[in-house]
Amino acid sequence: MRMRLKGINRVTKKLADGTTRTYWYAWKGGPVFWGEPGTPEFIASYNEAAARKVAPPEGALLSVLMRFQEAQEFLGLADRTRFDYVAKIKVIEKAFGDFPLRALSDRRTRGIFKDWRDKLAVHSRRQADYAWTVLARVLSWGLDRGLVDANPCERGGRLYRGSRAEKIWTAEDEATFLRSAPSHLHLPLMLALWTGQSQGDLLRLTWSAYDGTHLHFRRRSKTSARIPPIRAGAPLKAMLDATQRRSPIILVNSEGKPWTPDGFRASWRKACRAAGITDLTFHDTRGSAVTRLAIAGCSEPEIATITGHSLNSVRSILDTHYLNRDPALAESAIRKLERGTKTPN
């Protein structure tokens, strides 16, 4: 059955890798649709957008939540980030959609919002923090636009204190994975460990970005930080040169097609389980790369140049998040001390 959907706005954008992509929005400036036209996911997105187009009650938090999703601050986010924001905004709407805007300046409101976050934290502290972050950003945007008089979620702190500082891909883990995992998952691991880039940036990397010696990353997807060409280390170069170019995108699945983020995560988890690696994720490769660079004697500016972080971020990462207190660091430090110390006769 053919359906005619009204109010759809089509926008074609050129991506950083030179390819084009078409986005579908509900009317001009409306929420983005998920899936391709005609698919159940697309129809569901359309129906949801149509239902939400009803004018929100004036003076309620729902009006600010809806206007935020029509603003460039939201539309300019990465696809995945917008998707995650929408999920959290739905949670906020369910709890506080009819919350009076005039009550935001009441001192008791902060406590009400924190009680809500505490209830969410029963299931997941990390997701509770994320919901709080989204609400805080919406209110900050509304305050800047003069839509609200206060942001009671400002500087709310965090509930989740987990750290993966000890979760490091060792040389033994790397060897175990390469022995067990399918061959099309070898290159993702090597690229991650030798460049320190995120999953999203690596899955978008094209063959045109590799000139035979260096990898040219345009900008980091989340921070837009510029990254100078990164020389492919010998093991990585050997693997890149031996890889068949089955697509303009470097990393492809077993069928030679570019990965979807969810598809890659699912295949990666399956390969790790098969290899007996149960306590490490692909995200941990970033910390592993930072640790390896530090052990090799790289300075903080050198590490920041490769990973694309700011210098302050690198210092924070090394100090509190990623840097595993590897014994090799202590050995390296003593060797440097020995070389720099003059022993009296």
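A residue counts as buried when its relative accessible area is under 20%, and as exposed when that value is over 50%. With that in hand, welcome to a set of close-up views of this predicted model.

**View 1. Threonine 109 sits buried in helix α5.** This threonine belongs to helix α5, which covers residues 108-121. Its relative accessibility is 2%, so threonine 109 counts as buried. Which residues does threonine 109 contact, leaving aside its neighbours within four places in sequence? They are Phe99, Ala103, Leu104 and Pro152.

**View 2. Phenylalanine 99 lies in the loop between α4 and α5.** Here we meet one of the contacts of threonine 109. Phenylalanine 99 counts as buried because its relative accessibility is 12%. Setting aside residues up to four places away in sequence, phenylalanine 99 touches Gly59, Ala60, Leu61, Leu104, Thr109 and Phe113. The C-alpha atom of phenylalanine 99 is 7.7 Å from that of leucine 62, although the two residues are 37 apart along the chain.

**View 3. Helix α5 has a buried side and a side turned away from it.** Let us follow the helix from end to end. Its 14 residues should span 20 Å at 1.5 Å a residue, and the end C-alpha atoms are indeed 20 Å apart. The buried residues of α5 are Thr109, Phe113, Trp116, Arg117 and Ala121. Seen down the helix axis, these buried residues fall within an arc of 145°, so they line one face of α5. Arg108 and Lys119 are exposed, on the face turned away from the buried side. Among the elements covering the buried residues of α5 are α4 and α6.

**View 4. A buried salt bridge joins α5 and α6.** The side chains of arginine 117 and aspartate 129 meet here, at 3.8 Å from N to O. Arginine 117 belongs to helix α5 and aspartate 129 to helix α6, 12 residues apart. Are these two residues buried or exposed? Both are buried.

**View 5. Arginine 145 and glutamate 73 form another of the salt bridges.** The structure holds eight salt bridges. In this one, the N to O distance is 3.2 Å. Arginine 145 is in the loop between α6 and α7, while glutamate 73 is in helix α3, so the pair ties together parts that are 72 residues apart in sequence. Arginine 145 is partly exposed, with a relative accessible area of 42%, and glutamate 73 is also partly exposed, at 31%.

**View 6. A salt bridge within helix α11 pairs aspartate 262 with arginine 265.** The closest N and O atoms of the two residues are 2.5 Å apart. About one helical turn separates aspartate 262 from arginine 265, because they are three residues apart in α11. Aspartate 262 has a relative accessible area of 47% and is partly exposed; arginine 265, at 28%, counts as partly exposed too.

**View 7. Tryptophan 268 is a well-connected member of the largest nonpolar core.** This core has 34 residues, and those with the most contacts inside it are Trp169, Phe177, Leu191, Leu240 and Trp268. Helices α8, α9, α10 and α11 each supply at least two of its residues, and α8 gives the most, with six. Not counting residues up to four places away in sequence, tryptophan 268 touches Trp169, Phe177, Leu185, Pro188, Leu189, Thr281 and Phe282. A second, separate core of 28 residues includes Phe68, Phe74, Ala131 and Trp141.

Terms used
Residues are numbered from 1 along each chain as its sequence is written. This is a predicted model: local features need pLDDT of at least 70, side-chain atom pairs count only at pLDDT 80 or more; totals for chains, interfaces and linings use all residues. Side-chain values use heavy atoms; hydrogens and water are left out. Helices (H or I, at least four residues) and strands (E, at least two) are DSSP runs, numbered from the N terminus. Buried means under 20% relative accessible area, exposed over 50%, partly exposed in between (1.4 Å probe, protein chains only). Contact means heavy atoms within 4.5 Å. A nonpolar core is a set of buried Ala, Val, Leu, Ile, Met, Phe, Trp, Tyr and Cys residues joined through side-chain atoms within 4.5 Å. The expected span of a helix is 1.5 Å times one less than its number of residues. The arc is that of the directions from the helix axis to the C-beta atoms. A salt bridge is a side-chain nitrogen of Lys or Arg within 4 Å of a carboxyl oxygen of Asp or Glu.
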